Amino acid sequence: MIINIVGAGLAGLSAAITLAREGYSIRLISRQRSERAQSVMAEGGINAALDTMGEDDNIKYHFEDTIRGGVYIADPNAVQNLVSRAPDTVKELRDLGCAFHIRGDKIVLRNFGGQKKKRTAYAMSSTGKVLMTTLIDECRKYEADDHIKRFAHHDFIELIIEEGKCKGVKILDEYSKKAYDFMGPVVLAIGGMNGMFNGWTTGTTQNDAQAAATLFTQGVAFSNLEMIQYHPTTIPLPAKRGLISEAARGEGGRLYIMRNGQKYYFMEEKFPELKNLMPRDVVSRQMYFAVHDDANEDQVYLEMTHIADEIWRDKLTDLREEVIHYMNIDPKEEPIPVAPGIHYFMGGIDVDAAHRTNIGNLYAAGECSSQYHGANRLGGNSTLGAIIGGKIAAETIMSDLKDMEFSTDIKETSADLIEDNMAFRQELTDVLIKSLGIVRDEESLNRAYDTTNEMIANDDLSKYDKRRVMLSRAMIQSALSRRESRGAHYRSDYPDTLDEYKKISLARFIDGEVDISFKEVADLKEELNEKKA
């Protein structure tokens, strides 16, 4: 059987390798080669309760931190899979040659936001690049024997859906401009929805979110679309935001704002236990409040000048070089002006704990899927979720489709070329940023909703632009429907977290309209033991 995988980052590679090891054939479809995937940009690390730092960590603590960080709307069964498999996954990556920071024969772990234990394995602040290099090398073994065939520079056009089941995917060769139907089951590993927030995200500019918009209007269910993570420490770059890794705060970086001529370390005063390592939604929100406090100046700084020379040398060399290159500031000598930027989409394609979507023969993994992170993602859980999610999706496919017959032909077909209407994308971005910022309210959300109505009525918009509007509307309506504050979703008009909304928001496109409902969080099937790695 041939499996089509759309996306060649951590999740796509992990799924492809898992399937290839069992003798399956894979078409690995991507806009860019893996070396340009967004996964390369992950900086901080990958979580696993290895307990190499002598802090008595275990997978139950990792589970509890993840569930608490997601404010109790992550799928507990999916999270249990994630944390239980994390130690062996990180050890396997090391055995494959991943260059984690090592002391003796043990992987060194660092502190990361929202976690009370040192649990994050890392390779300076280039962990994504090192993880991707490891998986690319492993993938090449199976490319050499033709189990994996790459289709780089191919764009997703749409799914081929017949009788409610996915039969394949329509793709476009960017070089020849020819379109093809790749028949067979499909795994989506297309990343987050960065292109919906043009210029405001730390992700790659190559991800225009057109695939997500098309999937939504084809009937693929999405969940928790209101949960958009703003990373506290970003800097301006051309056409996007640059990330200052959470590793900076994990190694002792401190946030402050000037108040009456004095440095005010607001996180340390308000959260004396975790201080600057509170979950990202909390830190970003406190930065917002600090900047909007009339007693303070309007710029937050990240101070790292007190960090020891050996930490700069052994753990933060590449971070320092990036800041010097892009800002002409040496963080070892002076503070960095920072501001929150969109970094991760906890919401995405709604999948179960086994990575099945609501469409038969269609699976999703990585940032495009929604189940592990709930209302807010912990640092170090994204790379973990992508790699393990890809593995689980592949295992589910092998279980679901073992005895089924599929057409896996490649057929040349026709498709409209998607014209990237940058002016409209920017117009839509402005609407979303004004309504789906760090702090939200009903007035701004309703204003955005009304604007999307006007856009939909505009006959000059292409069908592709209207799909983007529908996905935007789903985000806005999800935020309107959740009349509480939870994780990354903060409503100034509903500031409390309410038990009645301890549910997953579900967005569907039904009969040309966006439908929002809520579903219960699954019950945990089996209690987690306090297992150590």
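# A tour of cavities and helix pairs

The largest share of the lining of the second largest cavity, 4 residues, comes from α8, and that helix is a convenient place to begin in this predicted model. Select α8, residues 280–291, together with strand β14, residues 228–237, since each of these two elements supplies at least two residues of the lining. To show the complete wall of this second largest cavity, add to the selection I228, Q229, Y230, R280, D281, S284, R285, I438 and A488. Coloured by class, that lining shows 4 nonpolar, 2 polar and 3 charged residues, and the space enclosed has a volume of about 50 Å³.

Next, move to the largest cavity, whose volume is about 70 Å³. Here the selection to make is N194, N198, G199, T201 and T205, which lie nearest the centre of the cavity among the 14 residues that line it. The lining of this largest cavity divides into 3 nonpolar, 9 polar and 2 charged residues. Over the whole model, the count comes to 4 cavities of 30 Å³ or more.

From the cavities, turn to the packing of helices. Two packed helices are described by the angle between their axes and the distance between the axes.

For one such pair, select α12, residues 422–435, and α13, residues 442–456, which pack at an angle of about 160 degrees with their axes 8 Å apart. Because an angle over 145 degrees counts as roughly antiparallel, α12 is described as roughly antiparallel to α13. The crossing of these two helices, α12 and α13, is left-handed. To see where they touch, display F424, E427, L428, V431, K434 and S435 on α12, and S444, L445, A448, T451 and M455 on α13. By class, the residues of this contact between α12 and α13 divide into 6 nonpolar, 3 polar and 2 charged.

For the last stop, select α3, residues 76–95, and α11, residues 381–400; how are these two helices set against each other? Their axes lie 10 Å apart and meet at an angle of about 100 degrees, and α3 and α11 are therefore roughly perpendicular to each other. On the α3 side, show the side chains of N81, L82, R85, A86, T89, E92 and L93, and on the α11 side those of L384, G385, I387, I388, K391, I392 and E395, which together make the contact. Sorted by class, the contact of α3 with α11 has 7 nonpolar, 3 polar and 4 charged residues.

Terms used
Residues are numbered from 1 along each chain as its sequence is written. This is a predicted model: local features need pLDDT of at least 70, side-chain atom pairs count only at pLDDT 80 or more; totals for chains, interfaces and linings use all residues. Side-chain values use heavy atoms; hydrogens and water are left out. On a 1 Å grid over the protein atoms alone, a cavity is a set of points where a 1.4 Å probe fits but cannot get out, and a pocket is an open set with protein on both sides within 12 Å along at least five of seven lines; lining residues have an atom within 4 Å of a point. Grid points are joined across faces, edges and corners, and a volume is the space filled by probe spheres set on the points. Ala, Val, Leu, Ile, Met, Phe, Trp, Tyr, Cys and Pro count as nonpolar, Asp, Glu, Lys and Arg as charged, and the others, Gly among them, as polar. Axes are lines fitted to C-alpha atoms, for helices over the stretch in contact, and angles run from 0 to 180 degrees between N-to-C directions. Angles under 35 degrees count as roughly parallel, over 145 as roughly antiparallel, 65 to 115 as roughly perpendicular and the rest as oblique. A crossing is left-handed if the near helix is turned anticlockwise from the far one by less than a right angle, and right-handed if clockwise. Contact means heavy atoms within 4.5 Å.
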